[in-house]
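Open the model in your viewer and keep the sequence panel visible. The stops below go from one selection to the next.

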Amino acid sequence: SSYFDHVNSQNEVLFDLRGGGVDEGELVQGAFDWCANLGAPAALVAGGVLATLIDARDEMAPRKNDSHAVRTSKQAWRFFLSTS
């Protein structure tokens with residue numbers, strides 16, 4: 001096996017990975033469908049976050065009589081949930 005056989009075999013693999021032999025329209029449509037379907041799970045997560053924030057808003061609000069650790073935990077919970 002020569003150096004050129006090795007280089008040619010690598011180029012064939014790269015060509016196959018880049019979509020060699022696949023119609024460009026199919027490749028673009030597949031990429032579009034994949035990207036468009038990313039929104040559905042994100043909407044489900046956002047809906048769950050909003051429902052949880054609204055449902056637990058009163059009980060997870062930091063209060064003056066809570067210990068420092070509990071207040072910090074409640075604030076962290078609200079921060080992490082709102083940023084998810």
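Where is the place of Lys74? Select Lys74 and colour by secondary structure: Lys74 sits in helix H4. Keep in mind throughout that this is a predicted model.

**Stop 1: Lys74**

Turn on a solvent-accessible surface around Lys74. Its relative accessible area is 10%, and the cut-off for buried is under 20%, so Lys74 counts as buried. Next, expand the selection to its contacts, leaving out neighbours within four places in sequence. What remains is Glu59, Met60, Ala61, Pro62, Arg63 and Asp66. Keep Asp66 selected for the next stop.

**Stop 2: the salt bridge**

Which residue does the side chain of Lys74 meet in a salt bridge? The partner is Asp66, with 2.9 Å from N to O. The pair is also listed as a polar contact between the two side chains, at 2.9 Å. Side chains of opposite charge can pair when their charged atoms come close. Searching elsewhere for a second example is not needed, as the structure holds one salt bridge.

**Stop 3: Asp66**

Centre the view on Asp66. This residue is in the loop between helix H3, residues 39-55, and helix H4, residues 68-83. Is Asp66 buried or exposed? Asp66 has a relative accessible area of 17%, which is under the 20% limit, and is therefore buried. Both ends of the salt bridge are thus in the buried class, Lys74 as well as Asp66.

Now show the backbone of Arg63. The backbone nitrogen of Arg63 lies 3.1 Å from a polar atom of the Asp66 side chain. Label the contacts of Asp66 too, again without residues up to four places away in sequence: they are Ala61, Arg71 and Lys74. Ala61 also appears among the contacts of Lys74.

**Stop 4: helices H3 and H4**

Hide the side chains and draw the axes of H3 and H4. The two axes come within 9 Å and cross at roughly 150°. Angles over 145 degrees count as roughly antiparallel, so H3 is roughly antiparallel to H4. Bring the side chains back to see what makes the contact: Val49, Thr52 and Leu53 on H3, and Trp77, Leu81 and Ser82 on H4. As for handedness, H3 passes H4 in a left-handed crossing.

**Stop 5: two residues of H3**

Select Leu50, which is found in helix H3. Leu50 is exposed, at 53% relative accessible area. Put a C-alpha to C-alpha distance between Leu50 and Ser82: the value is 8.1 Å, for residues 32 apart in sequence.

Then move to Ala42, also placed in helix H3. Ala42 has 46% relative accessibility and counts as partly exposed. How far apart in space are Ala42 and Ser84, C-alpha to C-alpha? The distance is 9.8 Å, with their positions 42 residues apart in sequence.

**Stop 6: the whole chain**

Zoom out and show the chain as a cartoon. Its secondary structure comes to four helices and zero strands. Following the sequence, the pattern reads α-α-α-α. Finally, colour every residue by burial. How much of the chain do buried residues make up? Buried residues account for 8% of the 84 residues. Lys74 and Asp66, the salt-bridge pair from the earlier stops, are both buried.

Terms used: Residues are numbered from 1 along each chain as its sequence is written. This is a predicted model: local features need pLDDT of at least 70, side-chain atom pairs count only at pLDDT 80 or more; totals for chains, interfaces and linings use all residues. Side-chain values use heavy atoms; hydrogens and water are left out. A salt bridge is a side-chain nitrogen of Lys or Arg within 4 Å of a carboxyl oxygen of Asp or Glu. Buried means under 20% relative accessible area, exposed over 50%, partly exposed in between (1.4 Å probe, protein chains only). A polar contact is a pair of N or O atoms within 3.5 Å; within protein, one must be able to donate a hydrogen and the other to accept it, and residues adjacent in sequence count only if both atoms are side-chain atoms. Contact means heavy atoms within 4.5 Å. Axes are lines fitted to C-alpha atoms, for helices over the stretch in contact, and angles run from 0 to 180 degrees between N-to-C directions. Angles under 35 degrees count as roughly parallel, over 145 as roughly antiparallel, 65 to 115 as roughly perpendicular and the rest as oblique. A crossing is left-handed if the near helix is turned anticlockwise from the far one by less than a right angle, and right-handed if clockwise.
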